[in-house]
Each structure stands twice: as structure tokens, then as C-alpha cells.
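Dear colleague,

I am passing on the structure we spoke about, and I would be glad if you could look through it with the notes that follow beside you.

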Amino acid sequence: MNMALRVYNTETRSKEEFEPVEEGKVGMYVCGPTVYDNCHVGHARSYVAFDVIRRYLKYKGFSVTYIQNFTDVDDKIINRSNERNIPPLVLSEQFIQEYFKDTETLNIEKADVHPKASETIPDMITVIQGLIEKGYAYEVNGSVYFEVEKAKEIFGKLRHQSLEDMKDGARIEVDQEKRSPKDFALWKAAKPDEISWNSPWGDGRPGWHIECSTMSWKYIGRTLDIHGGGMDLIFPHHESEI
């Protein structure tokens, strides 16, 4: 097989020869839309690009497993559902169908699997339990947080900035119940009249980063060959997924 294919690595900021984990096969996960509204031209640009990459890899002879999720559990979805008085999962399903209409018009092929966050929650709970058992996460008042200090060698790898250089409270308001302002939610305790699922820590819903981590792991495995998404997702989303 001709391996004359070079890709840009966000971590090293350089083009490198593409070497898949398993010869001849590519596991490709692309962060899908948060479905609280119709898609815009930025979505179109991103998903056309990754569709072209997937088609090219197949043209080069690779067997490609292409996964693209839908984030259908999210603050924006809950807020929009309250505005329109529509259940969150009903609202998100409407925009998922609109997404497929748009991508079909653009001749974008469907992914091999389009997992939904809402349908993968038991798997997320299992992963969160594992992180707690290994000492990487902790529970407070029904919420579970990832302790960033326990994996400080990871954070900053993609944006090339150390934990010490990060300014607390610059992006989101500091949550006083966390051990560190840098820690992020794996599981969010349910608020009154908010969509929730049962868990060992009480009713709640998953955090954003654990959703994609779990869906990629479930359908591709521990290590991905290609992880795609917009540049605006590099931090905090892609780093936290690691």
C-alpha cells in the first residue's frame, strides 16, 4: 500500500507521515454538532472537509470506520427547549433530521455510526466509575469532576500552554465546589425540572467531554487514528477528551 500521505498533527504543529494503529485500517472520529439549532456554513465547511478526507482514505485503499456523534444533551439544548416548551430530546431530534437534510443536499455521506449522547449514557457512567476508582475523579453533591492536576501532563499538549499559565475564571465562572477551578464536570447533578438520568451519584446528566470520549471509545477503541473537529474545540474539548 502506498503510504505517501502526510497529515497535520495539532500536538506537534507539524505535518507527519500518516501511520494508522492497525495497518490498512483507519478509525476516524469527528465531533458532531450540538443540535439545538439549524446548521450554519461553519458546520458545512467542517463536515464537507472530513467527508473528503474519509473518501480519500478509502480511495487510498484503507478500510475506514467513520464515527460522527450528535451532542443531544447540553445546556444550550435545555435552554432552547425551555424557550419553545418542547422536550429536549424531541427538540434535538428535529434538528438531527434537519442536519441530515442539509448534508444530503451537500452530498456528504453518512458516517458508519451517528451515536447520540443520550443513548450512550450507561457507557459514560461506566467510564466515570472507572475514573473515580483510579483516583482521577471525585464526587461532590451529586456531581463528578475530573481532577486535572492528576493528569497535568496532558493538559496543554494541544494548545501548547501549561496549567500554570491558564487563568482561572477567564473562560467560565469559577465553581466553588470543585477542588480546583480547572477541574471539569464528568457528571452534573440534576437541577429542578431538568432532563436527567439515574446514576450511582444521583440523578443528573453527563458533561460534554466525557460524551465524546465514551462514544469514540465504544465504536473505535482506546486509540484513534484521526480525531476531527473545529479549531475552536481544541481547548477545552479535545484536550479534555484525551
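**Backbone, sheet, cysteines and cavity**

Asp193 is exposed, with a relative accessible area of 85%, and please bear in mind for this residue, as for everything below, that the model is predicted. The place of Asp193 is in the loop between β7 and β8, and although Asp193 is not a glycine, its phi is positive, at about 60°. Asn85 is another non-glycine residue with a positive phi, here about 55°; Asn85 sits in the loop between α2 (75–84) and α3 and is exposed, its relative accessible area being 71%. These values deserve a look in context, since most residues other than glycine have a negative phi, and most peptide bonds are trans. On the second of those points, the peptide bond that runs from Phe235 to Pro236 is cis, with omega near 5°, and Pro236 belongs to helix α6, which spans residues 234–241.

Turning to the strands, there is an open sheet of 4 strands, ordered β5-β6-β7-β8, in which the pairing is antiparallel. The edges are taken by β5 (137–140) and β8 (204–206), and because each of these has a single partner strand, one side of each is left without a neighbour in the sheet. From one strand to the next, the twist averages 20°. At one edge, β5 pairs with β6 (residues 143–146) over 4 bridges in the antiparallel sense, and Ala137 stands opposite Phe146 of β6. A hairpin is formed by β5 and β6, with 2 residues between them, and Asn141 in its turn has a positive phi of about 50°. At the other edge, β8 pairs with β7 (residues 184–189), again in the antiparallel sense, over 3 bridges; there Lys188 has Arg205, in β8, as its bridge partner.

You may ask how many disulfides the model contains; the count comes to 0. For Cys212 the closest cysteine sulfur is that of Cys31, at 3.8 Å, and since a disulfide is counted for sulfur atoms within 2.5 Å, this separation is too far for a bond. Cys212 is buried, with a relative accessibility of 1%. The sulfur of Cys39 also has its closest cysteine sulfur in Cys31, but at 14 Å, which is likewise too far for a bond. Cys39 counts as partly exposed, because its relative accessibility is 24% and the partly exposed class lies between 20% and 50%.

Lastly, a search of the whole structure for cavities of 30 Å³ or more finds 1, and the largest cavity holds about 40 Å³ of space. Its lining is made up of Tyr66, Gln68, Tyr99, Phe100, Thr103, Ile108, Glu109, Lys110 and His114. Two or more of these lining residues come from each of β4 (63–68) and α3 (88–105), and α3 gives the most, with 3 residues. Sorted by class, the lining of this cavity has 4 nonpolar, 3 polar and 2 charged residues.

With best wishes

Methods:
Residues are numbered from 1 along each chain as its sequence is written. This is a predicted model: local features need pLDDT of at least 70, side-chain atom pairs count only at pLDDT 80 or more; totals for chains, interfaces and linings use all residues. Side-chain values use heavy atoms; hydrogens and water are left out. On a 1 Å grid over the protein atoms alone, a cavity is a set of points where a 1.4 Å probe fits but cannot get out, and a pocket is an open set with protein on both sides within 12 Å along at least five of seven lines; lining residues have an atom within 4 Å of a point. Grid points are joined across faces, edges and corners, and a volume is the space filled by probe spheres set on the points. Ala, Val, Leu, Ile, Met, Phe, Trp, Tyr, Cys and Pro count as nonpolar, Asp, Glu, Lys and Arg as charged, and the others, Gly among them, as polar. Buried means under 20% relative accessible area, exposed over 50%, partly exposed in between (1.4 Å probe, protein chains only). Two strands pair if DSSP finds at least two bridges between them. Axes are lines fitted to C-alpha atoms, for helices over the stretch in contact, and angles run from 0 to 180 degrees between N-to-C directions.
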